[in-house]
Amino acid sequence: MNTDDKNSVKLKKAERKIRILEDMVESRTRNLYAANLNLKKRNDSLREVILRNEELEQFAYVASHDLQEPLITIISFIDLLGEEYGDKLGEVGKQYLDFISESSSGLSSVVEDLLDYSKLGKHHEMTKVDCNELVEAIQRDLTSTISKSKATFAVGELPEITGFKTELRLLFQNLISNAIKFCAEDTPPHIIITAEKGTNWTFSIQDNGIGIAKGNQEKIFTIFQRLHSKNDYEGTGIGLAQCKKIINLHGGEIWINSKQDLGSTFCFSIPFYEHEK
Amino acid sequence: MKGIVLNITEDFIIDNYGEEIFDQIMSSCNLKTEDPFVSPGTYPDSDLFEIVVNASKKLEITIEVFLKKLGHFAFAKLAERHPSFLEGYDHPKIFLQTVDSVIHMEVRKLYQDSQLPVFQYSDPRKDELIITYFSKRKLYPFLEGMINGVSDFFKVGIIQTHKIYEKDGVELCDYYLKFDQ
């Protein structure tokens with residue numbers, strides 16, 4: 001084969017390569033277009049879901065707000081009824097009144113929690129939050145609970161982050177209160193709080209409490225989901241749903257590592273802002 | 001096998017042994033693919049093996065030596081083509097540990113149907129690294145050559161020893177790497 005022939009073969013090979021590549025580009029472009037359309041459809045559905053969610057939140061806010069007023073009236077008049085007509089009601093009547101009073105107070109707590117839940121992240125601005133100070137303030141607030149439960153703490157060096165201060169306080173408070181509340185019988189709670197810098201800040205709150213069975217770990221972040229009866233552990237079952245919403249507001253994630261009877265570690269991530277890197 | 005590996009193999013033969021030898025090798029091969037190889041294409045593994053076997057015969061070197069040299073050449077070519085994967089690393093040990101989680105991830109985005117080897121890492125000492133490599137193609141000398149390419153790129157000597165063994169019916173190869181610094 002002379003040089004011209006060789007060059008001609010090379011040219012043909014190069015042209016064939018270009019044609020094959022063009023076909024591939026065309027096919028990939030077609031696939032990308034279809035994927036894009038699909039993504040657009042999903043985006044539209046997602047937008048619809050977000051809108052519905054906002055409507056539901058608004059509904060929860062309005063409903064809980066409007067329910068509060070008549071509930072306060074009911075509770076006040078139950079108290080008045082007890083004080084002024086208690087003697088005339090007899091033993092059974094008084095017992096009925098106690099049931100009404102107890103249930104109304106329970107309902108009032110639920111409505112209040114629901115209202116707090118729908119208010120999360122509204123009308124607040126992000127600020128710098130020193131998590132060491134935050135945890136110390138919560139420990140001060142919980143002094144009586146801590147001393148009653150004989151809880152001990154090991155708190156590592158925590159960072160200053162950017163976030164919604166009130167919500168972050170509620171987040172830490174809920175997780176610390178839970179760590180104290182769900183302690184094992186005859187074992188004082190020991191709570192370890194740490195933060196680690198990776199691609200995000202990852203906080204962890206570890207306890208030596210009763211733990212959560214694998215099958216229940218998905219449920220716990222759902223609103224009004226309780227794993228124990230009110231008689232065993234008090235509360236409305238909204239705390240961890242609040243935590244999840246707060247973390248969502250900050251663009252992070254929350255998860256749990258736990259085994260039944262072997263304690264729990266709640267972890268959550270909070271993204272960095274440019275100046276914190 | 002992705003076309004990019006076959007293209008690099010073609011370039012390796014042409015750059016090191018000339019077009020004449022390349023043409024002779026290719027005409028002695030019985031390839032399943034009739035069209036020229038293009039980098040995003042997917043071709044039978046047997047086509048690569050056919051070229052490797054015929055090239056080693058023609059060049060009178062063992063298949064192992066050919067694959068080792070090819071791996072060395074391939075790393076330099078890939079580094080030239082995708083410099084961003086190497087930016088930000090100042091030591092080969094750190095870079096090598098990103099291959100499975102970063103580079104293979106990116107390769108999958110570019111070449112969706114690629115069948116990549118699996119790497120697992122152990123970090124026994126500061127100046128050592130063990131890579132456990134699994135690939136159904138078992139191109140062990142090729143990876144050895146690529147690691148030599150990594151060593152050249154970072155200008156840090158790497159002494160390699162290898163152990164091929166079977167675990168749960170799967171053949172694996174451990175690359176024990178000791179870094180100069």
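## Exercises on a predicted two-chain model

In this predicted model, the side chains of Asp35(B) and Arg16(A) form a salt bridge, with 2.7 Å from N to O.

**Exercise 1.** Describe the contact of chain B with chain A, beginning from the salt bridge of Asp35(B) and Arg16(A).

*Solution.* Begin with the pair itself: its separation of 2.7 Å can be set against the cut-off, which asks for a side-chain nitrogen of Lys or Arg within 4 Å of a carboxyl oxygen of Asp or Glu. The count between the two chains is three salt bridges, and six residue pairs are in polar contact, both residues of a pair being at pLDDT 80 or more.

Next, ask which elements supply the side of chain B that touches chain A: those giving two or more residues are α1 (3-17), α2 (19-28) and α6 (99-110) of chain B, and the largest share, three residues, belongs to α2(B). Sorted by class, this side of chain B holds six nonpolar, three polar and five charged residues.

Finally, turn to extent: chain B puts 14 residues into the contact and chain A nine residues, and together they bury about 930 Å², of which 53% lies on carbon and sulfur atoms. Within chain B, the residues that lose the most area to chain A are Asp35(B), Pro36(B) and Val38(B), which together account for 46% of what that side buries. Asp35(B) therefore appears both in this group and in a salt bridge, as defined by the 4 Å cut-off.

**Exercise 2.** Work out which side chains of strand β6 (residues 254-258) of chain A are buried, and how this strand is paired.

*Solution.* Follow the strand residue by residue: Ile254(A), Ile256(A) and Ser258(A) point to one face and are buried, whereas Trp255(A) and Asn257(A) point to the other face and are not buried. Then look across to strand β7 (residues 264-270) of chain A, which runs antiparallel to β6(A) and is joined to it by five bridges; in that pairing, Ile256(A) has Phe266(A) as its bridge partner. The hairpin of these two strands has five residues between them, and Asp261(A) takes a positive phi near 70° there.

**Exercise 3.** Place strand β2 (residues 128-134) of chain B among its paired strands.

*Solution.* Note that six of the seven residues of β2(B) are buried. One antiparallel partner is strand β1 (residues 118-122) of chain B, over five bridges, with Phe119(B) and Tyr133(B) as bridge partners and a hairpin of five residues joining the strands. Another antiparallel partner is strand β4 (residues 170-179) of chain B, over six bridges, where Thr132(B) stands opposite Asp174(B).

Conventions: Residues are numbered from 1 along each chain as its sequence is written. Chains are lettered from A and ligands numbered from 1 in the order in which they are written. Side-chain values use heavy atoms; hydrogens and water are left out. Contact means heavy atoms within 4.5 Å. Buried area is the accessible area (1.4 Å probe) that two parts lose on being put together, summed over both. A polar contact is a pair of N or O atoms within 3.5 Å; within protein, one must be able to donate a hydrogen and the other to accept it, and residues adjacent in sequence count only if both atoms are side-chain atoms. Helices (H or I, at least four residues) and strands (E, at least two) are DSSP runs, numbered from the N terminus. Ala, Val, Leu, Ile, Met, Phe, Trp, Tyr, Cys and Pro count as nonpolar, Asp, Glu, Lys and Arg as charged, and the others, Gly among them, as polar. Buried means under 20% relative accessible area, exposed over 50%, partly exposed in between (1.4 Å probe, protein chains only). Two strands pair if DSSP finds at least two bridges between them.
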